[in-house]
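The report below concerns a single protein chain and takes up its strand pairing, its charged pairs and a few chosen residues. Please read it with the sequence and the structure at hand.

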Amino acid sequence: MPDPLELDDDGNTTWSPWAIAAAALLLLLAGIIVVGTLRGCFFVDPQQAAKAEEVKKKKEDEKKKKKSDFELRPPIVLPSEPKTPLPLAKPGHWQTVRQDMRANYRDFVGDSRLTVTDTKGRPYPVEKTPFHVRAARPVLLAKARVKSTDTTLFIPETSQPMRLVPDLEERGLGFALNQGFTPLTPMPSYQYHFVILAKEPTRYAFIKSLDSVQPPFDGETEADDTQDPVLYSVVQLATGRSISLPDNPLTWTSTAYLLWDEVDPGDPLSPEQEKAILDWVHWGGQLIINGPDSLDLLKGSFLEPFLPATNGGTRKIEANDPAIAQLNKHWLISTTKDPGEPLKVNSPWSGITLKLHPDAKPLPNTGELLVERRVGRGRIVVSAMQLSERDLINWRSGFNSLFNACVMRREPRKFIPGAFGDVTLMWKNDKFAGHRLDAALNTHLRYFARDLDVDTSYQFQDVTDPAFLNQQFNAAGQPVTLREYRPPTNAGGLGAWRDFNATAVAARDALRKAAGVEVPGSEFVLLCLGAYLVVLVPINWVIFRAIGRIEWAWIAAPIIALIGTWVIVQRAQLDIGFVRAHTEIGILEQQPEHPRAHLSRYTALYASLSTTYDFQSENPTTLIAPFPRDVNFQMLIGEGLSGVDFQRYDDVRLVGVPISSNSTGMIHSEQMHTLDGPIRLGKSTALGNSQIENRSKLDLHSVCVVYKPTTAEAARGRRLEGRWIGSLLAGQSASTTERMSSLPENKVAFEDERKSETNTFRTPQLDLETMFKLALDPKYIDEGELRLVARCDEVLPGETISPAASQLRGATLVVAHLAYSPLPPPEKDLNTRQDIKRTNDKPDTDSVDLFK
């Protein structure tokens with residue numbers, strides 16, 4: 001190896017060239033290592049960094065998936081389109097909630113609960129009670145399989161923000177899984193669902209833009225909020241394996257219209273959904289059927305007995321068709337400012353000839369293109385042409401008015417100039433002034449037990465908040481008085497669950513008078529004491545003297561005392577040291593010719609010791625909730641809410657209702673009750689005379705029939721008329737040949753007759769007089785309606801309460817709608833939007849801009 005050192009010319013030792021080269025090479029290698037290390041620490045390749053981040057995220061996602069044993073997808077409130085981000089919920093109504101869930105790694109057996117809370121997670125209580133209701137149901141999940149569950153839930157009647165909080169709890173382990181919450185969007189009191197059930201629901205997308213659905217509002221004065229209200233939430237549902245419609249008619253109360261097109265009812269609808277639709281129609285639902293594509297499919301279906309018409313054969317509707325001429329003559333809106341454009345048929349329409357049912361009628365001036373039939377309080381309308389016909393939809397001078405008046409059966413309207421240069425749509429009839437946003441004009445659904453004496457309309461009120469006063473001025477510098485629409489006190493509109501309307505108040509008052517323990521009277525006590533002494537002394541002595549064993553009389557004395565005590569306890573219906581009493585007042589409402597009735601129960605339970613009650617019904621339509629016993633109820637300081645579970649699965653239950661000692665608790669329940677037959681108008685087979693027939697198995701007392709004249713009849717001097725029948729037992733009939741007499745206006749109908757009949761009963765009856773007054777009040781009777789009102793002195797079957805009470809009393813008010821008058825002729829709108837716009841387009845030299 002060469003020596004790295006050598007001597008220079010002066011004799012000094014120096015590095016040899018090869019040594020210097022080796023040292024330089026070592027320094028270069030060291031520099032490369034240092035630079036590479038620093039680059040790795042401070043400089044990262046973007047591609048490598050992204051790849052590393054992706055790997056890291058994938059590992060974290062896999063880790064999260066392994067931790068998530070269950071997946072609870074956001075619930076939807078029916079009726080609803082799939083995957084609705086913010087479900088609409090109608091305050092004060094019971095609604096069906098559908099939720100998909102899956103267990104990822106194992107089978108699951110447990111319970112699902114849904115609770116409606118505020119933004120702080122606090123459950124909303126049942127008004128004026130210390131309870132809140134949770135919706136619960138059992139859940140069986142197979143590993144890795146998605147299951148859809150339907151739960152019936154009460155939506156609190158509040159306009160405040162609401163959240164729907166789901167929970168899963170495994171049986172036996174008590175393991176609870178909370179998957180966050182879903183915000184609910186409260187529907188205004190005036191808003192209802194317009195459901196489209198069709199093979200191709202997109203054909204009806206135009207309905208969302210109709211003036212009937214979203215009327216324009218540009219204000220009446222400069223102080224108004226000009227937001228266009230949405231009167232109907234349009235829900236488009238396609239046919240498939242399952243349809244997102246409720247299966248309980250009492251959860252259809254948020255729906256006003258159902259449009260049916262090319263749906264085979266045998267495939268997607270369950271029997272429960274079919275019954276729900278029929279009940280909904282009988283109580284005021286509006287069913288719109290697109291005839292050409294639907295009538296043949298409905299042959300043999302649950303709807304066939306109620307259809308207004310059948311398919312009489314196909315037809316082509318051309319420009320020269322007489323029906324088109326009628327539409328142009330009667331439904332074209334023409335004014336001096338806007339003469340309007342007639343309906344033009346650019347190409348022949350596909351249609352059918354309608355073969356009418358005897359009870360059906362064509363809508364006036366439609367050329368029999370639209371035919372309707374009253375079904376109970378509601379109606380079914382069938383079209384002979386396609387409702388989505390393009391030429392018809394584009395008829396701007398008549399289609400909106402025709403659809404509003406004939407298809408939807410709504411009141412006529414008028415367009416007026418808005419306060420800010422656009423148009424405002426108002427009711428044509430002055431009697432509806434101030435009722436622009438009124439639930440009573442947007443839905444025909446009515447329940448006697450729910451909708452009496454209910455505030456339904458928004459009202460204008462001046463703004464009184466000092467923060468907003470004198471903040472707006474016109475061009476002259478004058479302050480503008482602000483107005484706003486204030487919602488009604490009943491946020492749920494019509495059809496909502498009521499605990500404080502007229503019928504509920506009357507039922508509560510009657511229960512408070514009747515509820516409690518029936519204490520034996522003095523006659524009963526003296527009778528029992530006398531009978532005991534007679535058996536103990538003379539009879540006891542005579543018997544044993546006759547057999548020669550007088551001494552045995554002393555042995556028999558305590559035995560007789562025990563037997564006497566037992567008899568007294570049974571006769572008095574009292575348990576030693578523990579007493580329960582059950583009092584029930586019901587309201588049974590029936591529509592014409594319908595075998596199912598709406599039954600509302602108001603139940604009072606008295607207990608001498610603290611008792612927890614459970615309620616059970618095999619009727620799947622049953623709804624149950626605590627009922628406030630005191631309108632002035634207030635929670636005590638430090639008192640918390642008690643949760644009770646409403647369960648609907650194989651049967652319906654309300655579980656865990658506590659009632660403290662020596663107090664009375666109250667419960668409100670409703671269901672569709674199946675009768676053995678309707679209470680109806682019929683004809684005598686022998687004489688052919690009309691008669692009222694009681695085909696139910698209910699014994700009716702205090703029976704009377706009343707008729708309220710129509711507006712035209714009242715103008716001719718006809719007043720409220722009625723007839724007293726008295727008793728109408730099960731299977732009996734009463735002739736209607738006897739003429740009705742006019743009833744006094746300042747007195748409740750047949751009040752004296754009811755008092756006289758009450759005196760003939762052997763046992764005291766529950767007092768239903770206040771409820772009779774409501775049922776016979778002309779204010780709560782439709783024009784042209786024939787109504788039967790009666791009482792049935794029994795607790796109707798269909799609900800079980802445990803533990804059972806030793807004392808049971810009950811009575812039911814029966815309200816049978818025997819017949820309704822024909823619907824009045826539909827009326828077209830006064831003008832069109834174009835009429836006002838053309839006026840506004842003209843220069844107005846007299847107008848002054850009042851706004852800056």
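Strand β27 (residues 596-607) is joined to β32 by 12 bridges, and the two strands run antiparallel; within this pairing R596 stands opposite T674 of β32. The model is a predicted one, and what follows describes that prediction. Strand β32 spans residues 663-674 and includes H673, a residue that counts as buried because its relative accessibility is 12%, where buried means under 20%. Apart from neighbours within four places in sequence, H673 is in contact with L588, P595, R596, A597, L599, N619 and P797.

Both strands belong to an open sheet of 9 strands, whose order is β29-β32-β27-β26-β41-β39-β35-β36-β38 and whose pairing is mixed. The edge strands are β29 (623-626) and β38, each of which pairs on one side only. As a general point, strands of a sheet pair through backbone hydrogen bonds, in either a parallel or an antiparallel sense.

Towards the β38 edge, strand β35 (residues 700-707) pairs with β36 in the antiparallel sense over 6 bridges, and Y707 has E721 of β36 as its bridge partner. Strand β36 is in turn joined by 2 bridges to β38 (residues 741-742), again in an antiparallel arrangement, with S742 of β38 as the bridge partner of E721. E721 thus has a bridge partner in Y707 and another in S742. Of the 8 residues of β36 (residues 721-728), 6 are buried, so this strand is largely enclosed by the rest of the structure.

How many salt bridges does a search of the whole structure find? The search finds 39, and the table sets out some of them with the separation of their N and O atoms.

| Salt bridge | N to O distance |
|---|---|
| E157 and R498 | 2.8 Å |
| D782 and R377 | 2.3 Å |
| K513 and D767 | 4.0 Å |

E157 and R498 form a salt bridge: E157 lies in the loop between β9 (147-154) and β10 (162-170), and R498 in the loop between β25 (483-486) and α8 (502-514), so the pair ties together parts that are 341 residues apart in sequence. E157 is partly exposed at 30% relative accessibility, whereas R498 is buried at 3%.

In the salt bridge of D782 and R377, D782 belongs to the loop between α13 (769-775) and β39 (786-792) and R377 to the loop between β20 (370-375) and β21 (378-383), so this pair ties together parts 405 residues apart in sequence. D782 is partly exposed, with a relative accessible area of 27%, while R377 counts as buried at 15%.

K513 and D767 also form a salt bridge, linking helix α8 with the loop between α12 and α13 across 254 residues. Here K513 is exposed, with a relative accessible area of 64%, and D767 is partly exposed at 43%. Elsewhere, salt bridges that share partners join R113, R134, E169 and D645 into one network.

For the cysteines, a disulfide would require two sulfur atoms within 2.5 Å, and by this rule the count comes to 0 disulfides. Among the cysteines, C704 is buried, with a relative accessible area of 0%, and C792 is buried at 1%.

On the surface, I547, W552, I555, I559, I563 and V567 make a nonpolar patch of about 580 Å². One of these residues, V567, lies in helix α10 (residues 552-572) and is partly exposed at 38% relative accessibility.

Notes. Residues numbered from 1 in each chain as written. Predicted model: local features only at pLDDT ≥ 70, side-chain atom pairs only at ≥ 80, totals over all residues. Heavy atoms only, no water. Buried < 20%, exposed > 50% of the residue type's maximum accessible area, 1.4 Å probe, protein only. Patch = residues over 30% accessible without salt bridge, like charges linked within 9 Å, V, L, I, M, F, W, Y side chains within 5 Å. Areas by Shrake-Rupley, 256 points an atom, 1.4 Å probe, with all protein chains shown as cover. Salt bridge = Lys/Arg side-chain N within 4 Å of Asp/Glu carboxyl O. Helix = DSSP H or I, 4+ residues; strand = E, 2+ residues; numbered from the N terminus. Pairing = 2+ DSSP bridges. Contact = heavy atoms within 4.5 Å.
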